[in-house]
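Hi,

Here is the structure I promised to pass on. Have a look at it first, and then read on for what turned up.

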Amino acid sequence: MQTRPQLDITLCAPRGFCAGVDRAIQIVELALERYGAPVYVRHAIVHNKYVVDGLRQKGAVFVEELDEIPDTGAPVVFSAHGVPRSVPEDARTRDMFFLDATCPLVSKVHIEANRHFAEGREIVLIGHAGHVEVIGTMGQLPEGAITLIQTVEDAEAFAPRDPGKLAYVTQTTLSVDDTSAIVEVLRRRFPAVALPHKEDICYATTNRQEEVKRVAPLVDAMIVVGAPESSNSVRLVEVAQRAGCANAALVERADLIDWSRFAGISRLGITAGASAPETLVDEVVEAFAQRFDIRVSASGAQRETIVFNLPRELRTQPAA
């Protein structure tokens, strides 16, 4: 009888859903329960196809812009990534009933950017061009008020209008190390730059990256369960590679695993991006169990206890 190769799997903790993602999904589900289908959602509520497809089956209709939504009075939900200020303004103009599922930590960045602008500062946003969170943050203020910086080279080349009136904010899902390097350049070149009151990169992004840094040097391969559109998931792959695990892969679903990458390994680390549900992690573990004799252990004991309030409209009980 052929024996299967042995594989030690280390599951990183924390992994998977963060409080902001959990809240956003709840908002869509509760809106469907409270108001019935359809509930329109502007942009993918979170960057995970499995989650989006599940909500679609329950009656959610996903659109990219408000003008795709008919005038039916159905609720509209804004995604966890945040939206430009013009979007709720348009919704109000059309008398739409909308629920804002923007992660409170993204909203914090929006508030900071507005405060800096009101105080006359030019604002630098550290982030990735084209990402919906970046579009939402830049859309909080008039065009030209925020300059996007993506790399250390951008930071070295940046020429502010007044170095004494400068502030920076960041996308919440960036690599902690990459962002630190950019901030270092900004602070060296512009010592008067105003800093965020509290780190903008969210707690969940930081916690997941720190645990990956611990596990990556100890394994032969690393899997990050998550979608290619998910910034925090893609960053986790980069963090694993830099921490010493060259064979780190982003895996959306178990049936998409490239098995040639995992031939001959004896130690595997698994984590999940903040928008990936635990059921997809279970799928991946099960897929390895079909091919290997697995032993599963957990690394990391950090429990995330943060919970964000739901919008007021969903907290109150409907009238009988």
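Let's start with helix H4, residues 104-118. At 1.5 Å a residue, its 15 residues should span 21 Å, and the C-alpha atoms at its ends are indeed 21 Å apart, so expectation and model agree. Do keep in mind that this is a predicted model.

Which residues of H4 are buried? They are Leu105, Val106, Val109, His110, Glu112, Ala113 and His116. If you look down the axis of H4, these buried residues fall within an arc of 160 degrees, so they line one face of the helix. On the face turned away from that buried side you'll find the exposed residues Ile111 and Ala118.

And what covers the buried residues of H4? The cover includes two strands, E6 (122-126) and E8 (166-170), along with two helices, H5 (132-138) and H8 (203-215). One more thing to check while you're in this part of the chain: just after H4, Gly120 has a positive phi of about 85 degrees.

Now for the empty spaces, beginning with the cavity. The structure holds 1 cavity of 30 Å³ or more. The largest cavity contains about 270 Å³ of space. It is lined by 23 residues, and the closest to its centre are Val21, His81, Thr172, Thr173 and Asn232. H4 turns up again here: together with H1, H8 and helix H9 (231-242), it is one of the helices that each supply at least two residues of this lining. Which helix gives the most to the lining of the largest cavity? That would be H8, with 3 residues. Sorted by class, the cavity lining divides into 11 nonpolar, 11 polar and 1 charged.

Then there is the largest pocket, with a volume of about 290 Å³. Its lining is made of 18 residues, of which Phe17, Cys18, Ala19, Glu304 and Ile306 are the closest to the centre. Helix H1 (19-35) and H8 each supply at least two residues of the pocket lining. In this case H1 gives the most, with 4 residues. As for the classes, the lining of the largest pocket has 10 nonpolar, 2 polar and 6 charged residues.

If you'd like a place to begin in the viewer, try H8: it is part of what covers the buried residues of H4, it helps to line the largest pocket, and it gives the most to the lining of the largest cavity.

Cheers

Notes. Residues are numbered from 1 along each chain as its sequence is written. This is a predicted model: local features need pLDDT of at least 70, side-chain atom pairs count only at pLDDT 80 or more; totals for chains, interfaces and linings use all residues. Side-chain values use heavy atoms; hydrogens and water are left out. The expected span of a helix is 1.5 Å times one less than its number of residues. Buried means under 20% relative accessible area, exposed over 50%, partly exposed in between (1.4 Å probe, protein chains only). The arc is that of the directions from the helix axis to the C-beta atoms. Contact means heavy atoms within 4.5 Å. On a 1 Å grid over the protein atoms alone, a cavity is a set of points where a 1.4 Å probe fits but cannot get out, and a pocket is an open set with protein on both sides within 12 Å along at least five of seven lines; lining residues have an atom within 4 Å of a point. Grid points are joined across faces, edges and corners, and a volume is the space filled by probe spheres set on the points. Ala, Val, Leu, Ile, Met, Phe, Trp, Tyr, Cys and Pro count as nonpolar, Asp, Glu, Lys and Arg as charged, and the others, Gly among them, as polar.
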